[in-house]
Amino acid sequence: MSYVARNWSGLSAARKAGLGVVFVWFFFGAQIHFFKTAFDVAIMPPYVPYPVAMVYLSGVCEVLGALGLLFVGIRQLAGTMLFLLTIAVTPVHVYMLQYPERFPQAPLWALWLRLLVQALLLACIWWSTRAPRAVVAEA
């Protein structure tokens, strides 16, 4: 049995699915930071310093966080870091909602949907990366 498979044994199917969603979201989503950097820089609020560096840094954090989910010993830490990273990038989504005319390629409904997905992602990260609670049997 592989190391990763051993680290996923004992998890419910729902928790495995949640971890899978979080992994795919961040690992593959990070690729945009590296290969479509100009897109991410274009949606950065003007008050963010060094936008190109921030795009690359957040991409690296996403990849490392996603990889951390594969190991039970650091899964909760990786989840906490991805949770905090997601909160840290939320101002980008709010900025886009404040100035939708600057992003004509994105319909307003999509910007609102993106914010809703952000909230659902936060819930999924938190739930799927916490250790399952042990059931205590009553005597």
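**Group meeting: Gln118, helix H5 and the nonpolar cores**

Good morning. I begin with Gln118, which, leaving aside residues up to four places away in sequence, touches Thr86, Val89, Thr90 and His93. The model under discussion is a predicted one. Gln118 lies in helix H6, residues 108-129. Its relative accessibility is 7%, so Gln118 counts as buried, the limit being under 20%.

Let me place this in the overall fold. The protein has six helices and zero strands, and from the N terminus on its elements run α-α-α-α-α-α. Of the 139 residues, 35% are buried. Among contacts with a separation of 6 or more, 66% are between residues 24 or more positions apart.

I turn now to helix H5. This helix covers residues 72-98, which is 27 residues. At 1.5 Å a residue it should span 39 Å, and because its end C-alpha atoms are 40 Å apart, expectation and model agree. H5 nevertheless has a kink of about 30 degrees at Val89, shortly before the proline Pro91. Val89 is also one of the residues that Gln118 touches. The buried residues of H5 include Thr86, Thr90 and His93, each of which is likewise in contact with Gln118. Also buried in H5 are, among others, Arg75, Gly79, Leu82 and Met96.

Next, the aromatic residues. How many aromatic pairs does a search of the whole structure find? The search finds six. In one of them, the rings of Tyr95 and Tyr99 have their centres 5.3 Å apart and their planes at 50 degrees; an angle that is neither under 30 nor over 60 is classed as tilted, so this pair is tilted. Tyr95 also forms an aromatic pair with Phe103, and this one is edge-to-face, at 5.8 Å centre to centre and with 80 degrees between the planes.

Are these partners buried or exposed? Tyr95 and Phe103 are both buried, Tyr95 having a relative accessible area of 8%. Tyr99, at 32% relative accessibility, falls between the 20% and 50% limits and therefore counts as partly exposed. Tyr99 has a further neighbour: Arg102 lies over its face, at 4.0 Å from the ring centre. A second arrangement of this kind involves Arg130, which lies over the face of Trp126 at 3.7 Å from the ring centre.

Ring pairs also link Phe23, Phe27 and Phe28 into a cluster. Phe23 brings us to the nonpolar interior. In soluble globular proteins, nonpolar side chains tend to be buried together. Here the largest nonpolar core has 13 residues, and those with the most contacts inside it are Val22, Phe23, Phe26, Leu69, Leu82 and Ile125. Helix H2, residues 13-35, supplies at least two residues of this core, as do H5 and H6. Which helix gives the largest share? That helix is H2, with four residues. Phe23 touches Phe28, Ala66, Leu67, Leu69 and Leu70, again not counting residues up to four places away in sequence. Apart from this core lies another, of 10 residues, among them Ile43, Met44, Val55 and Val92. Val92 is also listed among the buried residues of H5.

To close, I return to the starting point: Gln118 of H6 is buried, and its contacts include Val89, where H5 has its kink. Thank you.

Methods
Residues numbered from 1 in each chain as written. Predicted model: local features only at pLDDT ≥ 70, side-chain atom pairs only at ≥ 80, totals over all residues. Heavy atoms only, no water. Expected span 1.5 Å × (residues − 1). Bend = angle between axes of the 7 residues up to and from the residue. Buried < 20%, exposed > 50% of the residue type's maximum accessible area, 1.4 Å probe, protein only. Phe/Tyr/Trp six-rings, centres within 6.5 Å; stacked < 30°, edge-to-face > 60°. Lys NZ or Arg CZ within 6 Å of the ring centre and 35° of its normal. Contact = heavy atoms within 4.5 Å. Core = buried A, V, L, I, M, F, W, Y, C linked by side-chain atoms within 4.5 Å.
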